[in-house]
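Colleague: I would like a close look at one part of this structure, please. Take your time over it.

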Number of protein chains: 2
Amino acid sequence: MSPLLPPVVTETDRASCTATDILRSVGEKWSVLVLAILNDDRPHGFNELDRTIEGLSRRILTRTLRNLEADGLFSRHPTPDRVEYSLTDLGRSLLPLVIALGEWADRNAPAIEAARRSRL
Amino acid sequence: MSPLLPPVVTETDRASCTATDILRSVGEKWSVLVLAILNDDRPHGFNELDRTIEGLSRRILTRTLRNLEADGLFSRHPTPDRVEYSLTDLGRSLLPLVIALGEWADRNAPAIEAARRSRL
DNA sequence: CTGTATCCTAGCGGATACTG
DNA sequence: CAGTATCCGCTAGGATACAG
């Protein structure tokens, strides 16, 4: 239980890198999707990501990439004709956990939807 | 790879319970903390939570509890003199994954902080 | 191709005061 | 004890246009 819950929880704890911070970062709307796309171990260009993810504007894609890069999950390699993004080792080590969460969500989606419906 | 990434990602996918949705819900500021506190398998009262978590206002605590209850992770039991909250089986099944994320965050906090600092 | 600049909306997060 | 009512600031998310 230790990494999650100090004896008394103070607000200043959130200054560093707790589970909460990671979840907030990865919990941003498009983070998981971009992480998932980069998971095939080859670099992806900006426009490739822009075209692959429908409904995501360039502005948001830029910010999402910047945030995840700042967290050390992606790296950014500008080349003469394109910019390539790929997972870092850190990002790669995080992915199994996110995938596990995705599978949990998949398994329990019916239960969650039922819970939500019964609260109307 | 399947639960995370449909061949072409459309916006309407987010209507249901994907990993993204779960992460957004659990990624809200106090969700992990409250989940962690309820992890000891005994019910907790509203004011107990309010006192345990420093810096969390009653309004936000109320909303956090309502959201997680709507997701089916908590249950709410009003008694004559207090209201008790406890984890549902669904919530209990999610916790190991969140704890794993917490441990990952703990292990990699130095790397993440270093990545963030180098971007000043 | 890979962004940045502007402008806008909705909702999270919070302070404070009030209620059954 | 367990909330609700109000009011507010900040920022995630987005549309659109422009730039190097």
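How many residues surround DNA strand D, and which are the closest?

Modeller: Happy to. A word on the ground rules: this is a predicted model, in which local features need pLDDT of at least 70, side-chain atom pairs count only at pLDDT 80 or more, and totals for chains, interfaces and linings use all residues. Residues are numbered from 1 along each chain as its sequence is written, chains are lettered from A and ligands numbered from 1 in the order in which they are written, and side-chain values use heavy atoms, with hydrogens and water left out.

Now to your strand. DNA strand D is surrounded by 20 residues, and the closest are K29(A), R24(B), R76(B), R82(B) and V83(B). A residue is near a molecule or strand here if one of its heavy atoms lies within 4 Å of it. By class, this surface has 13 charged, five nonpolar and two polar residues. The classes are simple: Asp, Glu, Lys and Arg are charged; Ala, Val, Leu, Ile, Met, Phe, Trp, Tyr, Cys and Pro are nonpolar; and the others, Gly among them, are polar. Seen from the DNA side, sugar or phosphate supplies 63% of the atoms of DNA strand D within 4 Å of the protein, and bases supply the rest.

Three polar contacts (pairs of N or O atoms within 3.5 Å) show both kinds of partner. R24(B) has a side-chain N or O atom 2.6 Å from a phosphate oxygen of DNA strand D. N47(B) uses a polar backbone atom, which is 2.9 Å from a phosphate oxygen. From chain A, an N or O atom in the side chain of R59(A) is 2.8 Å from a base oxygen.

Which elements carry this surface? At least two residues each come from α4 (58-70) of chain A and from α3 (46-52), α4 (58-70) and β3 (83-87) of chain B. Helices (H or I, at least four residues) and strands (E, at least two) are DSSP runs, numbered from the N terminus.

Follow β3(B) into its sheet, and you find an open, antiparallel sheet of three strands in chain B, ordered β1-β3-β2. β1 (44-45) and β2 (74-78) of chain B are at the edges with a single partner strand each, so one side of each has no neighbour in the sheet. Strands pair, in this usage, if DSSP finds at least two bridges between them. Five bridges link β2(B) and β3(B) in the antiparallel sense, and among the facing residues are P78(B) with V83(B) and H77(B) with E84(B). The two strands form a hairpin with four residues between them. V83(B), then, is both one of the closest residues to DNA strand D and the residue opposite P78(B). The helix α4(B) lies across β2 and β3 of chain B, at about 115 degrees to β2(B). That angle is taken between N-to-C directions on a scale from 0 to 180 degrees, with axes fitted to C-alpha atoms, for helices over the stretch in contact; contact means heavy atoms within 4.5 Å.

It helps to set the other strand beside this one. DNA strand C is also surrounded by 20 residues, with R24(A), R76(A), V83(A), K29(B) and W30(B) the closest. Of its atoms within 4 Å of the protein, 60% are sugar and phosphate. Here a phosphate oxygen lies 2.5 Å from a polar side-chain atom of R76(A), and one is 2.7 Å from a polar backbone atom of N47(A). Chain B takes part too: an N or O atom in the side chain of K29(B) is 2.4 Å from a phosphate oxygen.

The two chains are related by symmetry. Chain B superposes on chain A after a rotation of 180 degrees with 0.0 Å of shift along the axis, giving an RMSD of 0.1 Å; this is the relation of a two-fold axis. Of the C-alpha atoms in chain B, that of G27(B) is nearest the axis, at 2.6 Å. The superposition is by least squares on C-alpha atoms of residues with pLDDT of at least 70 in both copies. The copies meet through the same surface, because 100% of the interface residues of chain B are also interface residues in chain A.

Note on methods:
Polar contact = N/O pair within 3.5 Å; in protein donor to acceptor, adjacent residues only side chain to side chain.
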